[in-house]
Amino acid sequence: MSDDVSLAKEPRDAPPAAEELVVLADVNKHFGALHVLQDINLTIHRGEVVVVIGPSGSGKSTLCRTINRLETIDSGTIAIDGRALPAEGRELARLRADVGMVFQSFNLFAHKTVLQNVTLGQVKVRRRGRADAEERARALLDRVGVANQADKYPAQLSGGQQQRVAIARALAMDPKVMLFDEPTSALDPEMINEVLEVMQQLAREGMTMVVVTHEMGFARSAADRVVFMADGRIVEQAEPHQFFDNPRSDRAKDFLSKIL
Ligand code: ADP
Ligand code: MG
């Protein structure tokens, strides 16, 4: 765990607006007999950074995956920017494109160059012209600090560089919200901060973000709210200083005593 990201909440360019962007209401999901998400109610406001923490197996990844319907739900509703996520179809594809996702394993297309990785979705899903898409791709690669890697293949990059390309690729779709599922867990320690810094910057710029992470320094400095999950439930949620300094539930106290 790297804790050297500044511990004070940094000022943001714009204060979080109260507008509801992602709303999960009474969401339930089972994997066979396992009740993996239990009555989840969670509202994420535009510009808000929500960090989700909790023990392994508590349902954090499943929560992320349901938000863009990589997993279906059994009951409840999920709305993005005021529109209910349908189960399938063209409307789902459109709404899903509004949700950027960055995984633990970088998931880049191995046989495409870095530039192609960041251009492809723009052309196919957002229907941009190639020149326009490439221009945006280069600007984003510059923003995440890998502009000089544009013509390389993913395997020629370090893990930290690959993950920054994955972030650029997600941003290229102009998502309304970015989901990060343990984006630094597969990285060598010396590469963790270069990825967290890109995420910090995005947070400062006002991106709406849901971040599953074990990086408590990041949670303290970047999160507007910490959501603590255990056994498929949201057990507790609070501002970071309140959650870390004064957790209310025994589950959270126990979890924090093991990781801090
Ligand atoms: P976390 O990300 O918090 O570690 P997950 O959401 O990955 O938790 O998993 C929650 C629980 O659901 C775990 O017990 C896991 O084994 C189970 N699970 C996850 N995905 C599947 C799946 N596709 N089929 C069956 N069980 C699953
Ligand atoms: Mg997980």
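Here are three short exercises on the structure above, each with a worked solution.

The model is predicted, so local features need pLDDT of at least 70 and side-chain atom pairs count only at pLDDT 80 or more, while totals for chains, interfaces and linings use all residues. Residues are numbered from 1 along each chain as its sequence is written, chains are lettered from A and ligands numbered from 1 in the order in which they are written, and side-chain values use heavy atoms, with hydrogens and water left out.

**Exercise 1. Describe the surroundings of ligand 1.**

Step 1: list the shell, taking a residue as near if one of its heavy atoms lies within 4 Å. This gives F31, L34, V36, P55, S56, G57, S58, G59, K60, S61 and T62.

Step 2: sort these residues by type. The shell holds 4 nonpolar, 6 polar and 1 charged; Ala, Val, Leu, Ile, Met, Phe, Trp, Tyr, Cys and Pro count as nonpolar, Asp, Glu, Lys and Arg as charged, and the others, Gly among them, as polar.

Step 3: look for polar contacts (pairs of N or O atoms within 3.5 Å). The side chain of T62 places an N or O atom 2.5 Å from an oxygen atom of ligand 1. For K60, a polar side-chain atom is 2.8 Å from a ligand oxygen atom, and for S58 a polar backbone atom is 3.2 Å from one.

Step 4: check the cover. Ligand 1 exposes 560 Å² when taken alone, and the protein buries 57% of that (Shrake-Rupley method, 1.4 Å probe).

Step 5: assign the shell to elements, which are DSSP runs (helices H or I of at least four residues, strands E of at least two). β2 (34-45) and α1 (60-67) each give two or more residues, and the largest share, 3 residues, comes from α1.

**Exercise 2. Work out the order and edges of the sheet of 4 strands.**

Step 1: strands pair if DSSP finds at least two bridges between them. The open sheet runs β2-β1-β4-β5, with antiparallel pairing.

Step 2: find the edges. β2 and β5 (83-84) each have a single partner strand, so one side of each is left without a neighbour in the sheet.

Step 3: inspect one pair. β1 (residues 20-31) and β4 (residues 75-80) are joined by 5 bridges, and A25 stands opposite T77.

Step 4: add the helix. α1 lies across β1, β2 and β4 at about 120° to β1 (contact means heavy atoms within 4.5 Å; axes are fitted to C-alpha atoms, and angles run from 0 to 180 degrees between N-to-C directions).

**Exercise 3. Trace the sheet of 6 strands and one of its pairs.**

Step 1: this open sheet follows β6-β7-β8-β3-β9-β10, with mixed pairing.

Step 2: β6 (99-102) and β10 (233-238) are the edge strands, each pairing on one side only. From one strand to the next, the twist averages 20°.

Step 3: β6 and β7 (residues 177-181) are parallel over 4 bridges, with V99 opposite V177.

Conventions:
Polar contact = N/O pair within 3.5 Å; in protein donor to acceptor, adjacent residues only side chain to side chain.
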